[in-house]
Amino acid sequence: MSEKNEHFKVQVNTEIGRLRKLLIHSPDSGIGKVVPSKAQDWLFEDIVHLDTIRKDEYDYYVKLLMYFLDPDKIKGKLADIDSEKAERNFFKPDNKDFHASANVIELQQLLGEVLADTTIRKKLAASVCAIEGCTYKLQLQLIDTDPKELAKTLISGSLPDGRMIFSPIPNLIFTRDVGTTINNFILLNKPAKKARVRESLLMRYIFFNHNLFENYRDNILEIPDGEHHFLRPGEEMENRTTLEGGDVMMISKNHVLIGCSERTSPYGANEAMKLLFDNNVVEKVTVVRIPNKRDFMHLDTVFTQVKRNTWVLLHSIASVEENKQQNPIDFLVQPEPKEQTEIIQFYKDKSAPKHYKSMEELFEDISKKDLKSTEPTKFIYSGSGVFPYDAREQWTDSCNLLAIKEGVVLGYDRNDKTVEAFKNNGFNVVNVKDLINDLESGKVNADELTDTLILMPSAELSRARGGFHCMSFPILRDDI
Ligand SMILES: NC(=[NH2+])NCCC[C@H](N)C(=O)O
């Protein structure tokens, strides 16, 4: 990474400000090793085709990010990058022709750079071997491995000769979940799922050791286990302290949303809140408890923000009251408390917490009060709010959009009814392939694009159960 750390800035205070820098991880060979019997344990819904997920899907994401965040790397060079003889080298972190962008930052590259230091290499190899139960001899062998190769191995789980030495971490493509930038702080996660533990370990080593983050070491927040944790009986999720980045949203300068979900426990949310208040990072935290199920693993699977006055969300989690008692059956069969959305806002100054009746009410409040929107707040519902399209499209991440700038969002091409809803709300809809051609030819200028949903190919990616919000870890956004 060529950029000097004194110029390197970490700062995110909204979900929608112009994106300037982010951390990503392109699908690595480990994804091509997921077997059906392990897919669920590794949190994939199916096995995916590696070549397709890379060439026909994720590469478009990288290209698009380049036009917005690092155009010099791509503009005028697209034909070469895409040519057959280039063999996708632009996209391969271990290749000399890799883009190595300082704005679209590949985690594997940072890890390779961190591992160049012998002391760190020894420590990290030992830590990974400890959690993965490797032999001491293997540990010694790993310490002697070239740093770039070692980075690849620690991520993919396989040695350069293809031998598998531990499981892959196929979910590292969902960089959102490993941490969250909150103003100029980084809150690291504490994963609920075993399949994601090694990801967190690698991230800690990167943030605490890479010279890019040197000026931010004191701003890295880690969630501890409270003393009571060790004394609580059982292994129940509710009793563990867990938090994953998909449940944390930096919504406005002084306000963070934290989801309690399948992945983030109330204890996790509570510890995160304490850290944020004690370190004066924000003044209010709204905890949104969503139904604890696989469909809704994180908060960002049920809503994301599009513009200061526009939100995309799943209707069934939205209106807490309204959804409760519409039909006789709702009186006869009471939903489990776990099945209900609950919204509580807490304040640093310890004033009494406030309850919200619905997600819409909360969003209205954020749009108008936090973000000073003067226009009516708009809600775009997954599947146009019509059953069963709402649930089907939520499952394939219709609500999980990444705003590259205010009003310009990336989403999957397969969620037809949600796309309709965007059109009905005045958005342009473009296919990423067409957009890339227009950005290359100069017909479209990235800075001038407004109110647009960019459709991304998704047949393979959606089987991994995450969208572009999950596939991004913003570390620098402009203020809005
Ligand atoms: N922020 C998100 N919604 N991330 C999606 C993560 C998907 C991943 N397969 C998992 O289950 O962990």
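## Exercises on a predicted model

By class, the residues around the ligand are six nonpolar, six polar and four charged; here Ala, Val, Leu, Ile, Met, Phe, Trp, Tyr, Cys and Pro count as nonpolar, Asp, Glu, Lys and Arg as charged, and the others, Gly among them, as polar. This is a predicted model, in which local features need pLDDT of at least 70, side-chain atom pairs count only at pLDDT 80 or more, and totals for chains, interfaces and linings use all residues. Residues are numbered from 1 along each chain as its sequence is written.

**Exercise 1.** Find which residues come nearest to the ligand.

*Solution.* Start with the 16 residues around the ligand; a residue belongs here if its C-beta atom, placed from the backbone, lies within 6 Å of the molecule. Among these 16, the nearest are Leu43, Gly246, His298, Gly466 and Cys470.

**Exercise 2.** Work out whether valine 114 is buried or exposed, and what it touches.

*Solution.* First, locate valine 114: helix H4 (residues 107-114) holds it. Helices (H or I, at least four residues) and strands (E, at least two) are DSSP runs, numbered from the N terminus. Next, recall the cut-offs: buried takes 20 or more other C-beta atoms within 10 Å of the residue's own, exposed 12 or fewer, and partly exposed lies in between, with C-beta atoms placed from the backbone. Valine 114 counts as buried because it has 22 C-beta neighbours inside 10 Å. Finally, list its contacts (C-beta atoms, placed from the backbone, within 7 Å). Leaving aside neighbours within four places in sequence, these are Ile120, Tyr205, Ile206, Asn209 and His210.

**Exercise 3.** Do the same for proline 457: is it buried or exposed, and which residues does it contact?

*Solution.* Proline 457 sits in the loop between strand E17 (452-456) and strand E18 (473-477). It is buried, because 21 C-beta neighbours lie inside 10 Å. Beyond its neighbours within four places in sequence, proline 457 contacts Asp56, Glu57, Tyr60 and Asp413. For aspartate 413, 44 residues away along the chain, the C-alpha separation from proline 457 is 5.6 Å.

**Exercise 4.** Describe the sheet that contains E3, E4 and E5.

*Solution.* Begin with the order: the three strands run E3-E4-E5 in an open sheet with mixed pairing. Strand E3 (179-182) and strand E5 (220-221) are the edges, each pairing on one side only; two strands pair if DSSP finds at least two bridges between them. Then look at one pair: E3 and strand E4 (residues 185-188) are antiparallel, with four bridges. To see one bridge, match glycine 179 with leucine 188 in E4.

Notes:
Two residues are in contact if their C-beta atoms, placed from the backbone, lie within 7 Å.
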